[in-house]
Amino acid sequence: MMILKMNFTSVAVCKNTIFIFLLFQISFNSILIQIRFSNDSRRLVDDDTQADSPSPGVELVRDDQHVVMSNGIVSIRLTVPGGAVTNITYNGSDNLLLPEDKEADRGHWNIVWNTTERGKIIDNLEGTSYKVIVQNENQTEISFTRTWTVGSSNAPLNVDKRFVMLRDSPGFYSYTVLERLKGWPVFDLQNGRMVFKLDGTKFDYMAMSDVRQRYMPTSEDRENGEKLEYKEAVLLTNPSNPDFKGEVDDKYLYSCDNKDNKVHGWVSSNLSSGFWMITPSNEFRSGGPLKQDLTSHVGPTVLSVFISTHYAGVDLALKFESQEYWKKVLGPVFIYLNSDASAKTNPSVLWSDAKKRMLKEVASWPYSFPNSKEFVKSEQRGALSGQLLVQDRFVHKKPVPASSSYVGLAPPGKAGSWQFESKGYQFWTQTDEDGSFSIKNVTAGNYSLFAWVPGFVGDYKHASDITITPGSDIQTTNLVFDAPRNGPTLWELGIPDRSAAEFFIPDPDSRFKIHQYKQPVEKFRQYGLWARYGELYPQKDLIFTIGCSNYSQDWFFSQVTRNVGGQYVGTTWQILFDLKNVDKTGNYTLQLALASIHYAELQVRWNNPKSAPHFTTGVIGKDNAIARHGIRGLYRFYTIPVQGSSLLVGTNTIFLTQTQINSPFIEVMYDYIRLEGPTVSH
């Protein structure tokens, strides 16, 4: 008979965890059993762990060239010391990544950078050193680092890539710390992202919103299709699924605003499993809440984009000077895997589950588990709250609540500079009905307080900068956005919402088949709409008459070039309006807000198309929104003075001329236009 002797040796109690250590002595061997109870919600252990199937905890196994992290649910294999993900398995599956790709290209971080001498360079940020940061049954965190040295052909950055796996978690986390030291070579950083290339024989359904989700064409369908006006767009001529014939595949069809880009991914209907990219915070992304970027697309490919020039151009690239120091933490993001037997016939069920998991991750931000000292934990952050009012003295006698406004903290700059900000962190929220807002979990630092209000032109910036310190909770008062206004409205065109979506958007060319989603997607998300303008206006350009025309039917959503005999030429649009009286000595105002502009020059003339322009933007913009099926890029706002002597009693005409030629993608997207009467006290 075996006799068990049990002795209590210690009891340790701490804030979040209680460990009870029991020492069992069996014959000559002793076994230490640790029973763990956790009430820390930020560790995000799986709620559905079965009690009769004890979790093995997180294990780490290393050989000469690879390391494997596994927790009994998910297993990932990475190269050593490079830190590329070569294999991902879920609940005992085969590798979910594309096996034909090189190991370094299946799952990796990368950047696109350039110098004046070398042009664009793609750098997969491969590590040269590997280190275990934390290793126990509840959490493992590993690091792949690279230190830049003089003469290296790599981007002049120190790199620390981290991968984290938690016990009972159906996925893993990853984040990267990038650092540039003073005196290092000057360069631009245009793109920074994490990429996973999935096995196309397994994954067939993609979802990135409640509406935009579908069974997808394959990479082979693209290879066999017809290349269109740019390489990303392919007409499917002989797809494996005949229902897709005539559709256009283009990764930009699945772009998304940062504010909405929290979860997207792919489903394998055969395996009834999903692979999702969850981004719980936008604080480390460039360009603010309205910046658009890629999500998932044919490959199958899953991205998390942190830095990019999409829908903005080089204005959003990080441009480093010689003596500039810079450091930034990108992430963590969560790669989530799920399964449901019903996904074989209803893959959307996994999308619904992924959204729930996303909400759980968002609620747990900032995470408590990352071990890099560069990642700022909750107790090291501060908060800001207040109420924003908006004043338009020709609409309301007193300031009114700025409901549904976007309010944010971003690195100091002039009003609207947050659109161009990539180097620092941004923290945004939306006001409630009475204009109240609360911005939580802000990292310590000096910020400008910015806002923009739907329904009003221009940008708000608080008069003084705000300093956030660890644990601070700042209450702001008397925040009033005095919206740009010089006189009463004589007429207006559009809705001031930083978008051209309210204007006329045509159907695409009948050659291109529109994919039938369960619900219609935004109409601007179609290929080739730029060419429709010339078909609708083959001889003369657009003329819009105030009081007669309807902007949703008669104002084309983008002023583009027109193809005349194989040459793309500039266009001149006209706005006709009547004035019963004109103050010839008065000062009128044209408020002009642009939603996007791409390699264009907009000239404004009054009543004489051949006169010198009264106003010009100059050649500006690299948004490329219309080619990428967008409805906005960078917002630009102009207050243009108009002398009363330029106006007529009776019919007047504003000539809006876009001068640039030789490309179908030159564009001006208008947000809103308003003519104001003479400046008066009110």
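The questions and answers below go through a predicted model and ask what lies behind each label.

Reader: What makes Asp 392 buried or exposed?

Author: Its relative accessible area is 5%. Buried means under 20%. Asp 392 is therefore buried.

Reader: Where is Asp 392, and which residues is it in contact with?

Author: Asp 392 sits in the loop between strand S28 (381-391) and strand S29 (400-401). Leaving aside neighbours within four places in sequence, Asp 392 is in contact with Phe 456 and Arg 485. Contact here means heavy atoms within 4.5 Å.

Reader: Why is Ser 404 called partly exposed?

Author: Its relative accessible area is 38%. Partly exposed covers the range between under 20% and over 50%. Ser 404 falls in that range, so it is partly exposed.

Reader: What surrounds Ser 404?

Author: Ser 404 lies in the loop between S29 and strand S30 (406-410). Not counting residues up to four places away in sequence, Ser 404 touches Gln 430, Thr 431, Asp 432 and Pro 454. The C-alpha atoms of Ser 404 and Glu 229 are separated by 39 Å. Along the chain, these two are 175 residues apart.

Reader: Why does Thr 585 count as exposed?

Author: Exposed means over 50% relative accessible area. Thr 585 has 73% relative accessibility, so it counts as exposed. Thr 585 is found in the loop between S43 and strand S44 (587-600).

Reader: How far is Thr 585 from Asn 238, in sequence and in space?

Author: Thr 585 and Asn 238 are 347 residues apart in sequence. In space they are 67 Å apart, C-alpha to C-alpha.

Reader: How many disulfides are there, and by what rule?

Author: The count comes to 0 disulfides. The rule asks for a pair of cysteine sulfur atoms within 2.5 Å.

Reader: Are Cys 256 and Cys 548 buried or exposed?

Author: Cys 256 has a relative accessible area of 6%. That is under 20%, so Cys 256 is buried. Cys 548 stands at 67%, which is over 50%, so Cys 548 counts as exposed.

Reader: Which strands form the open sheet around S49, and in what order?

Author: The sheet has 5 strands in the order S39-S43-S49-S45-S46. Its pairing is mixed. Strand S39 (543-545) and strand S46 (615-616) are at the edges. Each has a single partner strand, so one side of each is left without a neighbour in the sheet.

Reader: How do you know which strands S49 pairs with?

Author: Two strands pair if there are at least two bridges between them. Strand S43 (residues 571-579) shares 9 bridges with S49, in the antiparallel sense. Strand S45 (residues 602-606) shares 5 bridges with S49, also antiparallel. Both pairs therefore meet the rule.

Reader: Which residues stand opposite each other in these pairings?

Author: Thr 653 in S49 is the bridge partner of Leu 576. Ile 654 in S49 has Trp 606 opposite. Gln 658 in S49 has Leu 602 opposite.

Reader: What makes S49 largely enclosed?

Author: S49 spans residues 650-658, and 7 of its 9 residues are buried. The strand is therefore largely enclosed by the rest of the structure.

Reader: Which residues touch the most other members of the largest nonpolar core?

Author: That core has 103 residues. Ile 88, Phe 163, Phe 196 and Phe 275 touch the most other members. Strand S27 (residues 326-339) gives the most to this core, with 8 residues. Another core, of 62 residues, lies apart from it and includes Trp 573 and Val 604.

Reader: What is Phe 196 in contact with?

Author: Beyond its neighbours within four places in sequence, the contacts of Phe 196 include Val 85, Ile 88, Phe 172, Phe 275 and Ile 335.

Reader: What lines the largest pocket?

Author: The lining has 44 residues. Arg 193, Lys 197, Lys 251, His 297 and Thr 301 lie nearest the centre of the pocket. S14 supplies the largest share, 5 residues. The space in this pocket is about 1200 Å³.

Reader: How many cavities of 30 Å³ or more are there, and what lines the largest?

Author: The structure holds 3 such cavities. The largest has a volume of about 210 Å³. It is lined by 16 residues, and among those closest to its centre are Val 248, His 515 and Arg 525. A cavity is a space where a 1.4 Å probe fits but cannot get out.

Notes: Residues numbered from 1 in each chain as written. Predicted model: local features only at pLDDT ≥ 70, side-chain atom pairs only at ≥ 80, totals over all residues. Heavy atoms only, no water. Buried < 20%, exposed > 50% of the residue type's maximum accessible area, 1.4 Å probe, protein only. Helix = DSSP H or I, 4+ residues; strand = E, 2+ residues; numbered from the N terminus. Core = buried A, V, L, I, M, F, W, Y, C linked by side-chain atoms within 4.5 Å. 1 Å grid on protein atoms, 1.4 Å probe; cavity = no way out; pocket = protein on both sides within 12 Å on 5 of 7 lines; lining within 4 Å. Points joined across faces, edges and corners; volume = space filled by probe spheres on them.
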